[in-house]
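Here's a quick tour of one chain, starting with the overall picture and then zooming in on a single strand and its neighbours. Have the viewer open as you read.

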Amino acid sequence: MFTSLGLFGAISCPLGKDCTLLKCLFSHDNELTRAEARHSKTSASGDDGPPSKRAKVENTQFPESPIPSYSLKETAVEMGRRKSKSVAPKQNQNTQDTPRAQEVARPTSSHGPPNPSGSETAKRTNTASAGSPSQLPPRKAPKETLNPRMLAHAPATHSTRTVILQKLHAAMTALNEKLRKDKNSSNRCFVLSPDELITMALDEEEKFARDSPSVYGNVIKLRVVRVTKMGVDEWSKEVMSHLNARYYKINPVQRPQAIPRPINTGLTPPEEIAVVSQLVTPLTGLEEHGYVTKQPTNAEIETAQRGVDESKGWEKCDRCAQRFQVFPGRREDGTLASGGCCTYHPGRPVYPQRKKTDHVTGPSQPYFPCCSEALGTSTGCTRAETHVFKVSETKRLASLLQFQTTPSQPGKGPLEPVAIDCEMGYTTLGLELIRLTAVSWPKGCDLLDVLVRPMGEVLDLNTRFSGVTPQHYASAIPYGTPIPNMHSPSADEKTKTNPPLQLVQSPAEARDLLLKLLQPETPLIGHAIENDLNACRIIHPTVIDTVLLYPHPKGLPIRISLKALVQRHLGRDIQVGDNGHDSKEDSIATGDLVRVKVGEKWKELKKKGVKIEGGKLVRPEGQVSTFTCSWTTVQKRKSSR
């Protein structure tokens, strides 16, 4: 007997329940109908006896349309099977109704058979969006066999590729079955048909064969192992990426927008300023983590400069770790850097948490969240025109622009705290300051927001994170020029939505503008503020760093991101979208995180009897001050252990 290859699997068996074959070529898939019939029979009679072998299906004819109602939770495969079953009875009745049979592909109908949940289903169908993951548009996978696709330069023999492809397909099939049986209905739309599984396996194998021919055997085997250890949720994301690339764009499930929580410290702004002085972090002892507390000497600067001259411009790429040569001032042919294009992963690898079953299946492999590729399986998913580098050594930073300590300004008196945020871009001199924003604290009023022309030639503005584009520089106006009135009738729509920024000609000029807002005792607020201070080349003695106010349980150098802190403590979403970070938004959010800590600190002080009089903290007589910030407390606990 020849094999059917599943060609008749979508056609209902002509014998129906009277079929006696053990393996019939036709479809007997009435599990859902039998379950519903059994449920209705049990609920009606209360009898717990065994159900019949096959539940009887009513053949009631409806004059308007035989189209059944569908549930949004059905997969595309199940919908296809139901379509074929609804068409088959009409063919057996010798009715010529081809247009009606084609209309079965539409899942909604106002003339369908009466169904207790039909009205509810229709409402859900009408309100569901076209790109909702709970109901996917129809798609048609090509008819292919599990045979490696032909390549001009295959990385391995056909037999080797076939064996690997079969293992990959088997692992995918197992996950597909797990997803089919999963109770989480929101992911059931990603159950693939047999043809779609074959296509996905062929696409995966061909991708590795084309992109990584030299290490094809290693990367494809690692991929098979990773697929074998995947969970249902991770597999759903993989299927979504595959469907996006091959068929259509699926909008991912949107997380409900966070509701910002109001900040209530119970204090007036002057009183908050009085309390915030207790959150100042001493930076002594944190030099190893990038905090600069004193200027490098001239001898150190000369040593750093001599090392740069002897290296002849050779640097290590900050993104792909490849060695390349940089040419400040451009080479004769106009090139700024050697090495060609840079291929890298923009995100840091994610290390999954350990599970109880790791001793059986092995630990899950780390992967990159940007493309879900396993660590070590690919060189990167993003391509940039040039390689870039970053300078972290203090004496080398000082060789480009010397650090400056915040000077005293006796004529201005005490100044209110300032929250800052800096954006950096890659140039031929490293990672340089390209935007500086400062706002007042605690009100968050604008104090300074300027674009900065870097000292070196720009290699990459790092728009993904900085949010600065070439258009910002093209539309910028010199610093000191009045900004056009955005509310005037003559202002165009582009000016109203994206007002131009003011441009200063060097980082030194931007630093001078910031120092005019500070006294040595003025609290300077920022997140990972050592990066901002080093970019500006400022040494400030009074610093409040939210990285240290909200320390990671494992301590430095591990840090909790600003986005995560703001979402957790403020109920606010920042850094959303593909336009990069907004330094003004980040500086205001950083200041609000400090306000939360001020409220907590004030509760502690009130318990100790501390009062605020004349804008200053007044302790009870005879009480010794033991105020310490959270980071100092953590350091003391770690040292005591």
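## The chain as a whole

Let's start with contacts: of those in the chain between residues at least 6 apart in sequence, 67% join residues at least 24 apart. Keep in mind that this is a predicted model.

As for the inventory, the chain has 21 helices and 16 strands. It runs to 641 residues, and buried ones make up 40% of them. The exposed area of the chain comes to about 37,000 Å², with carbon and sulfur atoms supplying 53% of that.

## Zooming in on strand 7

Now jump to residues 430–440, which make up strand 7. How many of its 11 residues are buried? The count is 10, so strand 7 is mostly covered, with buried meaning under 20% relative accessible area.

One thing to remember while looking at strands: in a regular strand, side chains alternate between the two faces of the sheet.

## The partner before: strand 6

Strand 6 covers residues 418–427 and pairs with strand 7 in the antiparallel sense, over 10 bridges. To find your way around this pairing, look for Cys 422, which stands opposite Leu 436 in strand 7. The link from strand 6 to strand 7 is a hairpin through two residues.

## The partner after: strand 8

Strand 7 also pairs with strand 8 (residues 446–452), again in the antiparallel sense, here over five bridges. Pick out Arg 435 and you'll find its bridge partner in strand 8, Leu 451.

These two strands form a hairpin as well, with five residues between them. If you're checking backbone torsions, look at Gly 444 in that turn: its phi is positive, about 75°.

Technical notes
Residues are numbered from 1 along each chain as its sequence is written. This is a predicted model: local features need pLDDT of at least 70, side-chain atom pairs count only at pLDDT 80 or more; totals for chains, interfaces and linings use all residues. Side-chain values use heavy atoms; hydrogens and water are left out. Buried means under 20% relative accessible area, exposed over 50%, partly exposed in between (1.4 Å probe, protein chains only). Helices (H or I, at least four residues) and strands (E, at least two) are DSSP runs, numbered from the N terminus. Two strands pair if DSSP finds at least two bridges between them. Contact means heavy atoms within 4.5 Å. Accessible areas come from the Shrake-Rupley method with a 1.4 Å probe; for residues, only the protein chains shown count as cover.
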